[in-house]
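Hi,

Here is the structure I promised to pass on. Have a look at it first, and then read my notes below.

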Amino acid sequence: MGFDGPVAMIAAVRIAVTGDSIAYGRNDPAGGWAPRLAEHHLGAGLPGRRVWNLAIPGARLLDMRRYSPTECRVREVDTVLIGAGINDIAGIGGTRETPQHLTTGMEELCLVHEGEGRRVVVLGPTWFDEQRIGTEMGLRVETATLQCYRESLAGLCERTGRVFVDMWEPLAGRTDLLADGVHPSHEGHQVLWEHLMRVWVE
């Protein structure tokens with residue numbers, strides 16, 4: 001279902017990362033995998049290259065339509081990476097969303113960005129420790145539900161020809177790479193970055 005094999009990186013120049021606290025890089029003093037992407041992308045020394053991390057801790061995927069297109073528009077972004085959904089499933093903000101509803105919301109958000117000329121890269125959810133997220137963060141999230149969301153996103157991208165990057169497997173079972181049950185540690189973000197480098201190649 002689109003989980004294996006390299007994904008060809010589109011000719012990105014002005015990149016934006018949007019998402020929640022995981023995309024933001026919470027719990028990593030180095031800022032998560034996004035600054036590593038910026039260092040790599042800007043290190044080529046090609047003119048016009050930019051990377052912005054527009055992720056917001058606590059952000060819900062279904063709220064991103066209100067602000068992410070505008071933020072990308074003013075920066076003239078040509079490629080946007082979208083990674084979010086666990087806050088919606090956990091009920092942050094009061095409503096627990098279903099994987100199917102979230103997938104519909106992702107497609108609607110993609111269509112908005114694509115309608116303004118941006119290429120979209122959909123990032124699947126990262127693995128989490130179901131027990132730790134409950135005891136350490138007080139959140140109720142079932143592994144099966146997040147897995148269903150992961151598979152639904154992969155299926156959407158497979159049907160529509162969008163780029164999907166599976167972020168689940170690099171951390172799967174590695175609770176030692178999580179700072180609190182859901183947020184990757186510094187080492188965890190390094191693992192995610194190395195995975196992104198392998199599957200999203202310039």
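Let's begin with Asp88, which sits in helix H4 (residues 86-90). Bear in mind that this is a predicted model. Is Asp88 buried or exposed? Its relative accessible area is 0%, and buried means under 20%, so Asp88 is buried. If you skip the neighbours within four places in sequence, Asp88 still touches Arg60, Leu61, Leu62, Thr95, Arg96, Glu97 and Leu102. Two of those names, Arg60 and Glu97, turn up again in a network of salt bridges that links Arg60, Asp63, Arg66, Asp88 and Glu97.

Next, the sheet. Five strands make an open sheet with parallel pairing, in the order E3-E2-E4-E5-E6. Strand E3 (50-53) and strand E6 (163-165) are the edges, each pairing on one side only. On average, neighbouring strands here are turned by 20° against each other, direction ignored. If you want a pair to look at, try E2 (residues 14-19) with E3: they share 4 bridges in the parallel sense, and Val17 has Asn53 in E3 as its bridge partner.

Now the helices. Helix H5 (residues 99-115) lies across strands E4 (79-83) and E5 (119-123), and runs at about 155° to E5. Helix H7 (residues 143-160) is a nice one for checking a sum: its 18 residues at 1.5 Å each should span 26 Å, and the end C-alpha atoms are indeed 26 Å apart. Which residues of H7 are buried? They are Leu146, Tyr149, Arg150, Leu153, Ala154, Gly155, Leu156 and Cys157. Among the elements covering them are H4, H5, E5 and E6. Right after H7 comes Gly161, with a positive phi near 75°.

Last, the salt bridges, of which the count is 17. Here are three to find:

- Arg65 and Glu108 meet at 3.8 Å, N to O. Arg65 is in helix H3 (residues 64-74) and Glu108 in H5, 43 residues apart, so this pair links distant parts of the chain. Arg65 is partly exposed at 45%, and Glu108 is partly exposed at 39%.
- Glu107 and Arg162 meet at 3.9 Å, N to O. Glu107 is in H5 and Arg162 in the loop between H7 and E6, so the pair ties together parts 55 residues apart in sequence. Glu107 is partly exposed at 28%, whereas Arg162 counts as buried at 13%.
- Arg75 and Glu71 meet at 2.6 Å, N to O. Arg75 is partly exposed at 23%, and so is Glu71 at 31%.

Cheers

Conventions. Residues numbered from 1 in each chain as written. Predicted model: local features only at pLDDT ≥ 70, side-chain atom pairs only at ≥ 80, totals over all residues. Heavy atoms only, no water. Helix = DSSP H or I, 4+ residues; strand = E, 2+ residues; numbered from the N terminus. Buried < 20%, exposed > 50% of the residue type's maximum accessible area, 1.4 Å probe, protein only. Contact = heavy atoms within 4.5 Å. Pairing = 2+ DSSP bridges. Axes fitted to C-alpha atoms, helices over the stretch in contact; angles between N-to-C directions. Expected span 1.5 Å × (residues − 1). Salt bridge = Lys/Arg side-chain N within 4 Å of Asp/Glu carboxyl O.
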